[in-house]
Amino acid sequence: MADWRAETVDRIRKLIMDAAPDAAEEAKWKKASNPDGVPTFSCDGLICTVETYKDKVKVTFAKGASLPDPAKVFNASLDAGTRRAVDIKESDTLDEDAFTALIQAAVALNRD
C-alpha cells in the first residue's frame, strides 16, 4: 500500500506518538488476508487501532464514547456503546489539534 492511505497512516502514527510518547505500537490480528496485522496503540491500556480500507483509514478509539469531542472529530461508530471512530477519506482534512487532544484524553482515561 503505497498511496494516500499509507501517508495517512504514517501521519496518524506520528500524531499518536507525539501526543503520547509513552505509547507502544503493536501489530495484532495478523491473518492471511492481512499479514501485517492491525496497528494498535497502547499506553496504560488500549488507546486506538488504525485500519486501512479501500476508501478510508479508520482510527477506532477503544473508549471513545467516554472521551470529550468538542470539535466533533469522531464521525463513525457514533451509536456504539464504548467505541468511537474517525474515518479519514482521501479528500478529508483531519483537525490535527483536536485529534491530538483525543489521544491525550484517551491516555488520561486509561490512567484514571
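## A guided tour: salt bridges, a pocket and two cysteines

The structure holds eight salt bridges. Keep in mind as you click along that this is a predicted model.

**Stop 1: the start of the chain.** Select Asp 3 and Arg 5. Their side chains form a salt bridge, with the closest N and O atoms 2.8 Å apart. Are the two partners buried or exposed? Asp 3 counts as partly exposed, because its relative accessibility is 27%. Arg 5 is buried, since its value is 16%.

**Stop 2: along helix H1.** Now select residues 4-19, which make up helix H1, and pick out Asp 10 and Arg 13. These two sit three residues apart, about one turn of the helix. Their side chains meet in a salt bridge, at 3.1 Å from N to O. Arg 13 is partly exposed at 25% relative accessibility, and Asp 10 is partly exposed too, at 47%.

**Stop 3: a link between distant parts.** Next, show Asp 22 together with Arg 111. A salt bridge joins their side chains, with 3.6 Å between N and O. Where do the two partners lie? Asp 22 is in the loop between H1 and strand S1 (24-28), while Arg 111 belongs to helix H2 (residues 96-111). The pair is 89 residues apart and links distant parts of the chain. Asp 22 is exposed, with a relative accessible area of 60%, whereas Arg 111 counts as partly exposed at 46%. Before leaving the charged residues, add Glu 25 to a selection of Asp 10 and Arg 13: salt bridges that share partners join these three into one network.

**Stop 4: the largest pocket.** Turn on a surface and select Asn 34, Asp 36, Gly 37, Pro 39 and Thr 52. Of the 16 residues that line the largest pocket, these lie nearest its centre. The volume of this pocket is about 340 Å³. Which elements give two or more residues to its lining? They are H1, S1, strand S2 (38-42) and strand S3 (46-52). S3 provides the largest share, three residues. Try colouring the lining by class: you will find eight nonpolar, four polar and four charged residues.

**Stop 5: the cysteines.** Select Cys 43 and Cys 48 and show their sulfur atoms. How many disulfides are there? The count comes to zero. A disulfide needs a pair of cysteine sulfur atoms within 2.5 Å. The sulfur of Cys 43 has its closest cysteine sulfur in Cys 48, 11 Å away, so the two are too far apart for a bond. Cys 48 is likewise in no disulfide. Both side chains are worth viewing with the surface on: Cys 43 counts as buried at 5% relative accessibility, and Cys 48 counts as buried at 0%.

**Stop 6: two backbone angles.** For the last stop, switch to the backbone and select Trp 29 and Ser 77. Trp 29 has a positive phi of about 60 degrees, although it is not a glycine. You will find Trp 29 in the loop between S1 and S2, where it is exposed, with a relative accessible area of 53%. Ser 77, also not a glycine, has a positive phi of about 55 degrees. Its place is the loop between strand S4 (57-61) and strand S5 (84-88). With a relative accessible area of 30%, Ser 77 is partly exposed.

Note on methods:
Residues numbered from 1 in each chain as written. Predicted model: local features only at pLDDT ≥ 70, side-chain atom pairs only at ≥ 80, totals over all residues. Heavy atoms only, no water. Salt bridge = Lys/Arg side-chain N within 4 Å of Asp/Glu carboxyl O. Buried < 20%, exposed > 50% of the residue type's maximum accessible area, 1.4 Å probe, protein only. Helix = DSSP H or I, 4+ residues; strand = E, 2+ residues; numbered from the N terminus. 1 Å grid on protein atoms, 1.4 Å probe; cavity = no way out; pocket = protein on both sides within 12 Å on 5 of 7 lines; lining within 4 Å. Points joined across faces, edges and corners; volume = space filled by probe spheres on them. Nonpolar A, V, L, I, M, F, W, Y, C, P; charged D, E, K, R; others polar.
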